[in-house]
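Please load the model in your viewer and display it as a cartoon. The tour below proceeds by selection, from the sheet to the helices.

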Amino acid sequence: MVYADAHCHLGSRQYDGDREDVIKRMLEKGVEDVIIICCSRHDLEEGARLRQAHPSFKLAVSIHPQDLEEDFSENRLDELRKAVRYYHPDMIGETGLDYYSHPHTKMQQKHFFRSQLEMASQFHLPVNIHSRKAAADTLEILREYPCRGIIHSYSGSIETARLCIKEGYMISFGASILFPGARRPKEVIAQIPADRLLLETDSPYQSPVIGHRHEPADVIRIYEETARIRGIPAEQLADEIRNNFRRVFA
Ligand SMILES: [Zn+2]
């Protein structure tokens, strides 16, 4: 079976010591399709190198909404535009709004979100969306641009998911569905249309096990739980997700 991890930070410094081993482990297990999210120069250089070595890897670049504390000058958007022209990424992201961890930079986040959606439509690229405690504003802004793509690490209601789907987005779930007490994400993932579902690790972040560094190979555990919740064979789920992954970049 072939698996996809629709959101990971393989270029992260946390993998600098053993990145090739991490990749070997994922490929051995069949995790071939990945989106490498790059929100820093270091991550982007590593990510671009990996995509060159592995043609099934997709490269995404952005300014992260949590990264607007100190520098929110227009210059950063110019730099991002230059990076898009130079590296030819497959996607813009992750971009969006995080009112949970950074409520005091709302204005800057909205501006950078809009600018990056603008860039995505200008370069005809899909987007990878980060949204935390900001569903209404996220939807309002998404509706302003003719973009499509993925809502990453989804944790909202089925109603909001349906509205995002209507705007042309896939809904991607992470390790949150693994927690035994996670009733709502399990209920929501059961109701997502089969042609709009994706899975992801967000590695090295969001590990379900304290003290364990998350990695793309761990997405298989999320597939197993998703197949169980949706009551379908693992092979069918892998096929559906592989198709969805491809359609994002078609
Ligand atoms: Zn991420």
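Select strand 1 (3–8): 6 of its 6 residues are buried, so strand 1 is largely enclosed by the rest of the structure. Here a residue is buried if 20 or more other C-beta atoms lie within 10 Å of its own, exposed if 12 or fewer, and partly exposed in between, with C-beta atoms placed from the backbone. Strands (E, at least two residues) and helices (H or I, at least four) are DSSP runs, numbered from the N terminus. The model is a predicted one, in which local features need pLDDT of at least 70 and side-chain atom pairs count only at pLDDT 80 or more, while totals for chains, interfaces and linings use all residues. Residues are numbered from 1 along each chain as its sequence is written.

Next, add strand 2 (residues 31–38), which runs parallel to strand 1 and is joined to it by 4 bridges. Two strands are taken to pair if DSSP finds at least two bridges between them. Label Ala4, whose bridge partner in strand 2 is Asp33, and Asp5, whose bridge partner in strand 2 is Val34. Showing helix 1 (residues 19–28) as well completes a right-handed β-α-β unit with strands 1 and 2. A crossover is right-handed if, with the strands pointing away from the viewer, the path from the first strand over the helix to the second runs clockwise.

Now display the whole sheet. It is open and has 8 strands in the order 1-2-3-4-5-6-7-8, with parallel pairing. The edge strands, each pairing on one side only, are strand 1 and strand 8 (197–199). From one strand to the next, the twist averages 25°. In a regular strand the side chains alternate between the two faces of the sheet.

Move to strand 4 (residues 91–98), of which 8 of the 8 residues are buried, so strand 4 is largely enclosed by the rest of the structure. What joins strand 4 to strand 3 (residues 57–61)? The two run parallel and are joined by 2 bridges; Ala60 has Met91 in strand 4 as its bridge partner. Strand 5 (residues 127–132) is also parallel to strand 4, with 6 bridges between them, and Asp98 stands opposite Arg132 in strand 5. The chain crosses from strand 4 to strand 5 through helix 4 (residues 106–122), in a right-handed β-α-β crossover.

Select Arg81 in helix 3 (residues 74–87). Arg81 counts as partly exposed because it has 15 C-beta neighbours inside 10 Å. A distance monitor from the C-alpha atom of Arg81 to that of Ala120, 39 residues apart along the chain, should read 9.9 Å.

Finish with two helix pairs. Helix 7 (residues 183–191) packs against helix 8 at about 70°, with axes 9 Å apart; the axes are lines fitted to C-alpha atoms over the stretch in contact, and angles run from 0 to 180 degrees between N-to-C directions. Helix 7 is therefore roughly perpendicular to helix 8 (65 to 115 degrees; under 35 is roughly parallel, over 145 roughly antiparallel, the rest oblique). Lys186, Ile189 and Ala190 of helix 7 make the contact with Thr226, Ile229 and Arg230 of helix 8, where contact requires C-beta atoms, placed from the backbone, within 7 Å.

Then select helix 8 (residues 219–230) with helix 9 (residues 234–248), packed at about 110° with axes 9 Å apart. These helices are therefore also roughly perpendicular to each other. Tyr223, Glu224, Thr226, Ala227 and Arg230 in helix 8 meet Ala234, Leu237 and Ala238 in helix 9.

Terms used: Two residues are in contact if their C-beta atoms, placed from the backbone, lie within 7 Å.
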